[in-house]
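User: I would like to learn how to read the features of a protein model one at a time. Could you take me through them, giving the general idea and then the case at hand?

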Amino acid sequence: MLPFKLIYHEKYDLHLGAHVFPSQKYRLIYETLLRENLAEPSDFLQPEPARDEDVLLVHSKEWLRKLTTGKLGVAELMRLEIPWSKEMIEACWYAAGGSILAGRRALEDGFCISLAGGLHHAFPDHGEGFCPINDVAIAVRRLQTDGAVETAMVVDTDVHHGNGTAAIFGGDGTVFTLSIHQENNYPMPKPPSNIDIHLADRTGDADYLAKLEKQLLRAFDEFHPGILFHVSGADAYKEDQLGGLGLTLEGLQQRDKLVYEHARRHGVPVAITLAGGYARDVNDTIRIHINTVLAARDVAARKNNASRR
Ligand SMILES: [Zn+2]
């Protein structure tokens, strides 16, 4: 049994068919965790879909109407880079509901992982790069509106810059954003996060981890959040089709542990979302996301041991 809950719903699948975004990965991660006895059925919680009023904490009424009715223009669809369907929209509403629930459970248990989400390219009035709505921003605003937290930090380690998240929280002193990403990659331009770590092509494990650690120290020096949302991402992997960094499977797991150890050191609960992952072999993407679960498990277990002493 895991020391925290995993959030999963079969409706997480966007049903994109043949697409570089393997949205069946959510189900494959869920099934693999159970098959390999890394999790048991009682470790999982099912989210409700976000309510429209949750989505409207971040997004414009006009954008919500376009998404729910399918009335997107050609340019809007091209920017989104995924076809519109009822199943796709439902999946995004479930992803946002999953991130809200992950935030709530992280506040209770210290950690929580939703096996979806991390749709960090969505802006208030438009979507981009497979991201119609920004589930993490919605979850942060829901928790703040409910009075569950006053402040939040979003640490985004997806290979792509978290442009939507940076734009949504830009100038907002209650939310601190950190993004570590490949500089020479989508999106262009990159609106400023509080901390942006722009990496050169093919950056490998050692360089990546050193730069991330230095900036995590700085982030926690400057800001003490009520919760940390991790937009993890499997696409900083060296074999990713849409990424150009050089991280190994081991490096990616160390990356996750680094984020969780810094949060733990400062007593900050962590809610985790998966974000991108487009490895040539989908099994690598599945393994990287599962390793994120195991990284959180290891850090959470050490936390329990430390508090027992
Ligand atoms: Zn990405």
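User: Where does Phe130 lie, and what is its phi?

Analyst: Most residues other than glycine have a negative phi, and most peptide bonds are trans. In this predicted model, Phe130 lies in the loop between β3 (111-114) and α6, and its phi is near 70°, a positive value in a residue other than glycine.

User: Which peptide bonds are cis, the one from Tyr186 to Pro187 and the one from Met188 to Pro189 included, and where do the two prolines lie?

Analyst: As a general matter, most peptide bonds are trans. Here, a cis bond joins Tyr186 to Pro187, with omega about 0°, and the bond from Met188 to Pro189 is also cis, with omega near -5°. Pro187 belongs to the loop between β5 and β6, and Pro189 is likewise placed in the loop between β5 and β6.

User: How should I read the sheet, and what is the order of its strands?

Analyst: Strands of a sheet pair through backbone hydrogen bonds, either parallel or antiparallel. This one is an open sheet of eight strands with parallel pairing, in the order β2-β1-β3-β8-β7-β4-β5-β6. Its edge strands are β2 (44-45) and β6 (195-199), each of which pairs on one side only. At the β6 edge, strand β5 (residues 175-182) and β6 pair in the parallel sense over five bridges, and Leu178 has Ile195 in β6 as its bridge partner.

User: Which strands does α6 lie across?

Analyst: Helix α6 lies across β4 (152-156), β5, β7 (227-231) and β8 (270-273), and runs at about 170° to β7.

User: At what angle do α5 and α6 pack, and which residues make the contact?

Analyst: For two helices, one reads the angle, the separation of the axes, and then the residues that meet. Helix α5 (residues 86-109) and helix α6 (residues 135-145) pack at an angle of about 50°, with their axes 8 Å apart, which means that α5 is oblique to α6. The crossing of α5 past α6 is right-handed. On the α5 side the contact is made by Ala95, Ala96, Ser99, Ile100, Gly103, Arg104 and Leu107, and on the α6 side by Asp135, Ile138, Ala139, Arg142 and Leu143. Sorted by class, this contact of α5 with α6 has seven nonpolar, two polar and three charged residues.

User: Are α8 and α9 roughly parallel or roughly antiparallel, and how do the residues of their contact divide by class?

Analyst: The same reading applies to this pair of helices. The axes of helix α8 (residues 205-222) and helix α9 (residues 249-265) come within 10 Å and cross at roughly 15°, so α8 is roughly parallel to α9. Their crossing is right-handed. Among the residues that meet are Tyr208, Leu212 and Phe220 in α8 and Gln254, Leu258 and His262 in α9. The contact of α8 with α9 divides into nine nonpolar, three polar and four charged residues.

User: How many aromatic pairs does the structure hold, and why is the pair of Phe21 and Tyr278 edge-to-face?

Analyst: An aromatic pair is read from its ring centres and its ring planes. The structure holds eleven aromatic pairs. In one of them, the rings of Phe21 and Tyr278 have centres 6.3 Å apart and planes at 75°, so the pair is edge-to-face. This pair links distant parts of the chain, 257 residues apart, with Phe21 in the loop between β1 (5-7) and α1 (25-35) and Tyr278 in the loop between β8 and α10 (282-308).

Terms used. Residues numbered from 1 in each chain as written. Predicted model: local features only at pLDDT ≥ 70, side-chain atom pairs only at ≥ 80, totals over all residues. Heavy atoms only, no water. Axes fitted to C-alpha atoms, helices over the stretch in contact; angles between N-to-C directions. Helix = DSSP H or I, 4+ residues; strand = E, 2+ residues; numbered from the N terminus. Parallel < 35°, antiparallel > 145°, perpendicular 65-115°, else oblique. Left-handed = near helix turned anticlockwise from the far one by under 90°. Contact = heavy atoms within 4.5 Å. Nonpolar A, V, L, I, M, F, W, Y, C, P; charged D, E, K, R; others polar. Pairing = 2+ DSSP bridges. Phe/Tyr/Trp six-rings, centres within 6.5 Å; stacked < 30°, edge-to-face > 60°.
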